[in-house]
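I opened this structure to take notes on one strand, one loop residue and the ligand site. The entries below follow the order in which I looked things up.

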Amino acid sequence: KSEWHRQRTYTVRDADPAGGTITIDLVTHGSGLAGPWARNARPGDLVQLVGPGGAYSPDPDADWHLLAGDDAAIPAISVALSRISPDRKTFVILEVEDEADQADLESASGLSTPAGQPIIWLHRKGDEHTAQPRILEAIKPLDLPDGRGHAFVHGEAGMVREVRRHLVNERGMDVLDLSATGYWKFRRTEEGWREDKPEWKRLAEEDLA
Ligand SMILES: Cc1cc2nc3c(=O)[nH]c(=O)nc-3n(C[C@H](O)[C@H](O)[C@H](O)COP(=O)(O)OP(=O)(O)OC[C@H]3O[C@@H](n4cnc5c(N)ncnc54)[C@H](O)[C@@H]3O)c2cc1C
């Protein structure tokens, strides 16, 4: 088993079939396999791809949208934003390390909101991911409109669980109108997070009981 290839999961942010290229944004955090690999990647390096998987798309019939996540979810959020009609109220909450990371993302192509609605940016500034879910605290005061919302909440698993609980139990959202799972888990590798996921799902269901 130690000889097997190790696998990591990423979002295809863009694809150009004619040019034969895809665009993937990797968070270059300090440890692990893919983060450090991306930091040192050079043209000509080889990776083996498996996929694609996943089927989320913003519901065109929803009255409003909420998209929230940390750096790992920003590629998926930027794809989702491009599919939302400009006449839909859309709340966007993105957590990154600091103003410099925000500026990088703002200047990169592909991150635009329907009808230019504002993005709420949150900065960790060295605080650990799970210390206090900043994304939850940013969602709590939002004046969510009447009608049916569709929410996409991804990123660190502990944060996602807290936000999921809040949106269903305190804001009355239907769990079926939520796409909300952890993309990664604080202090766990992807292999470890995969092992923990069944228990995370069990606890997340219990949260709603
Ligand atoms: C459907 C899906 C789509 C995803 N899309 C993207 C994407 O487009 N871009 C992207 O960067 N990630 C994305 N992720 C998350 C990515 O798969 C994980 O972050 C993965 O753990 C990264 O592997 P690694 O080898 O860098 O770190 P690992 O070896 O898995 O973990 C090593 C250490 O780094 C920590 N760590 C892992 N990820 C992060 C992070 N983002 N920030 C801070 N610390 C971290 C772990 O807690 C652990 O302590 C996605 C995940 C899923 C499930």
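These entries go from the strand to the loop after it and then to the ligand.

**Entry 1: the model.** I note at the start that this is a predicted model.

**Entry 2: strand β3.** I asked first how many residues of strand β3 are buried. I found that 7 of the 7 residues, 64–70, are buried, so the strand is largely enclosed by the rest of the structure. The cut-off I used for buried is under 20% relative accessible area. I then looked at the two faces separately. In a regular strand the side chains alternate between the two faces of the sheet. On one side of β3 I listed Trp64, Leu66, Ala68 and Asp70, and on the other His65, Leu67 and Gly69. These residues are all buried, and both faces of β3 are therefore covered.

**Entry 3: neighbours of β3.** Which strands pair with β3? I found strand β4, residues 89–96, paired with β3 in the parallel sense over 7 bridges. Strand β6, residues 149–156, also pairs with β3 in the parallel sense, over 6 bridges. I looked up one bridge partner in each. His65 has Thr90 as its partner in β4, and Leu66 has Ala151 in β6. I also traced the chain from β3 to β4: with helix α2, residues 74–81, the two strands make a right-handed β-α-β unit.

**Entry 4: Asp71.** I went on to the loop between β3 and α2, where Asp71 is placed. Is Asp71 buried or exposed? Its relative accessible area is 15%, which is under the 20% limit, so I entered Asp71 as buried. The side chain of Asp71 makes a polar contact of 3.0 Å with the side chain of Arg124.

**Entry 5: the ligand.** I turned next to the ligand and its shell. I found 24 residues around the ligand, and the closest are Arg8, Thr9, Ala34, Lys185 and Glu190. By class, the shell has 10 nonpolar, 8 polar and 6 charged residues.

**Entry 6: atoms at the ligand.** I looked up three distances to backbone atoms. A polar backbone atom of Asp25 is 2.8 Å from a nitrogen atom of the ligand. For Ala34, a backbone N or O atom lies 2.7 Å from a ligand oxygen atom. For Lys185, a polar backbone atom is 2.6 Å from an oxygen atom of the ligand. On its own the ligand has 910 Å² of accessible area, and the protein covers 87% of that. I noted last which elements give two or more residues to the shell: α1 (34–40) and β7 (178–184).

Notes:
Residues are numbered from 1 along each chain as its sequence is written. This is a predicted model: local features need pLDDT of at least 70, side-chain atom pairs count only at pLDDT 80 or more; totals for chains, interfaces and linings use all residues. Side-chain values use heavy atoms; hydrogens and water are left out. Buried means under 20% relative accessible area, exposed over 50%, partly exposed in between (1.4 Å probe, protein chains only). Helices (H or I, at least four residues) and strands (E, at least two) are DSSP runs, numbered from the N terminus. Two strands pair if DSSP finds at least two bridges between them. A crossover is right-handed if, with the strands pointing away from the viewer, the path from the first strand over the helix to the second runs clockwise. A residue is near a molecule or strand if one of its heavy atoms lies within 4 Å of it. A polar contact is a pair of N or O atoms within 3.5 Å; within protein, one must be able to donate a hydrogen and the other to accept it, and residues adjacent in sequence count only if both atoms are side-chain atoms. Accessible areas come from the Shrake-Rupley method with a 1.4 Å probe; for residues, only the protein chains shown count as cover. Ala, Val, Leu, Ile, Met, Phe, Trp, Tyr, Cys and Pro count as nonpolar, Asp, Glu, Lys and Arg as charged, and the others, Gly among them, as polar.
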